[in-house]
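Let's take a walk through this protein together, starting from a single residue and working outwards. Keep the 3D view open while you read.

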Amino acid sequence: MYKILKKQILSDLVTLMEVHAPQVTRKAQAGQFVIVRTREERERIPLTIADFDRAAQSITLVIQQVGKSTMEMCRLTEGDAFATVAGPLGHPTEIEQYGKVICVGGGVGIAPIYPIARALKQAGNYVVSIIGARNQSLLFWEDKMRAVSDELIVTTDDGSYGRKALVTEPLKEILTARSDIAKVWAIGPAIMMKFVA
């Protein structure tokens, strides 16, 4: 059983859970994911490892309620446990010292971009991060992103916080104005990824 150590409501549809998962934590790297089930007979749900703490032997999952299984997950509370947490799975993000890089997180994409930005910063890169959401109430982890970024730009679609813009606007401006950006990582909704591609 994988005990839920912490639960935090990030917005109406997004919940953060810190889960005790020693075997996963030992090998977890930026860009990997786990497969989670609330009970043995339930659906397997893939979730990105949004953060991990090797000392506490815990991983952080950010869960967006999009169906029956994720809604059931979000009803669990601190002290409850997941039946299974399999992982880490997937290829880790390739992290090197590239120079100046940009990390873009749109909406719930802020969660999986965070460990990538942190790993890039630890590798000695100059990290420019752009995060955004539809409105201020859906924005989270500004403090965590600021801690691993040399520059942080915050946007909201409605202008309720930070700059009124989609995250793609400052990205386009930076790429147009600066020739020293080595790489860009972007995670977010399909419409955002269409622009970035």
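Trp141 is buried, with a relative accessible area of 9%. Keep in mind that this is a predicted model, so every number here is computed from predicted atoms. Where does Trp141 sit along the chain? You'll find Trp141 in the loop between S10 and H4. The backbone of Trp141 has a quirk too: its phi is positive, about 60°, although Trp141 is not a glycine.

Trp141 also has company. The rings of Tyr114 and Trp141 have their centres 5.4 Å apart and their planes at 70°. Planes over 60 degrees apart count as edge-to-face, so that is the label for Tyr114 and Trp141. Tyr114 lies in helix H3 (residues 110-122) while Trp141 is in the loop between strand S10 (126-133) and helix H4 (142-147), so the pair ties together parts that are 27 residues apart in sequence. Like Trp141, Tyr114 is buried. Add Phe140, and ring pairs link Tyr114, Phe140 and Trp141 into a cluster.

A search of the whole structure turns up three aromatic pairs. One of them is Tyr98 with Trp185, a tilted pair with 5.6 Å centre to centre and 55° between the planes. Tyr98 is in the loop between strand S8 (84-89) and strand S9 (100-106), and Trp185 is in strand S13 (residues 181-187), so this pair joins parts that are 87 residues apart in sequence. Trp185 has 14% relative accessibility and counts as buried.

Rings can have charged visitors as well. Here are two lysines whose charged ends sit over a ring:

| Lysine | Ring below the charge | Distance to ring centre |
|---|---|---|
| Lys100 | Tyr126 | 5.2 Å |
| Lys144 | Trp141 | 4.9 Å |

So Trp141 shows up again, this time with Lys144 over its ring.

Now for the greasy inside. In soluble globular proteins, nonpolar side chains tend to be buried together. Here, the largest nonpolar core has 27 residues, and those with the most contacts inside it include Phe140, Trp141, Ile131 and Met145. Which elements supply at least two residues each to this core? They are strand S2 (14-20), S9, H3, S10 and strand S11 (151-156). H3 gives the most, with eight residues.

Ile131 is a good one to click on. Setting aside neighbours within four places in sequence, Ile131 is in contact with residues including Gly105, Ile110, Phe140, Met145, Leu152, Val154 and Val167. There is also a second, separate core of 21 residues, and Met17, Ile49, Cys74 and Val85 are among them.

Cys74 takes us to helix H2 (residues 68-75), where Ser69, Thr70, Glu72, Met73 and Cys74 are buried. What covers them? The cover over the buried residues of H2 includes strand S1 (2-9), S2, strand S3 (33-37), S4, S6 and strand S7 (81-82).

What about empty space? Rolling a probe the size of a water molecule over the atoms shows where it is left. The largest pocket has a volume of about 670 Å³. Its lining is made up of 31 residues, and Gly106, Gly107, Val108, Gly188 and Pro189 lie nearest its centre. Strand S4 (45-48), strand S6 (58-64), H3, S10 and helix H6 (190-196) are the elements that give two or more residues to that lining.

Next, a residue out in the open. Is Arg134 buried or exposed? Arg134 is exposed, with a relative accessible area of 56%. Arg134 lies in the loop between S10 and H4. Not counting residues up to four places away in sequence, Arg134 touches Thr156, Asp157 and Asp158. From Arg134 to Ala21 you cover 113 residues in sequence and 32 Å in space, C-alpha to C-alpha.

Finally, back to backbone quirks. Gln57 has a phi near 55°, a positive value in a residue other than glycine. Gln57 is found in the loop between strand S5 (51-53) and S6, and Gln57 is partly exposed, with a relative accessible area of 33%. Then there is the cis peptide bond that joins Gly87 and Pro88, with omega about 5°. Pro88 lies in strand S8.

Methods: Residues numbered from 1 in each chain as written. Predicted model: local features only at pLDDT ≥ 70, side-chain atom pairs only at ≥ 80, totals over all residues. Heavy atoms only, no water. Phe/Tyr/Trp six-rings, centres within 6.5 Å; stacked < 30°, edge-to-face > 60°. Helix = DSSP H or I, 4+ residues; strand = E, 2+ residues; numbered from the N terminus. Buried < 20%, exposed > 50% of the residue type's maximum accessible area, 1.4 Å probe, protein only. Lys NZ or Arg CZ within 6 Å of the ring centre and 35° of its normal. Core = buried A, V, L, I, M, F, W, Y, C linked by side-chain atoms within 4.5 Å. Contact = heavy atoms within 4.5 Å. 1 Å grid on protein atoms, 1.4 Å probe; cavity = no way out; pocket = protein on both sides within 12 Å on 5 of 7 lines; lining within 4 Å. Points joined across faces, edges and corners; volume = space filled by probe spheres on them.
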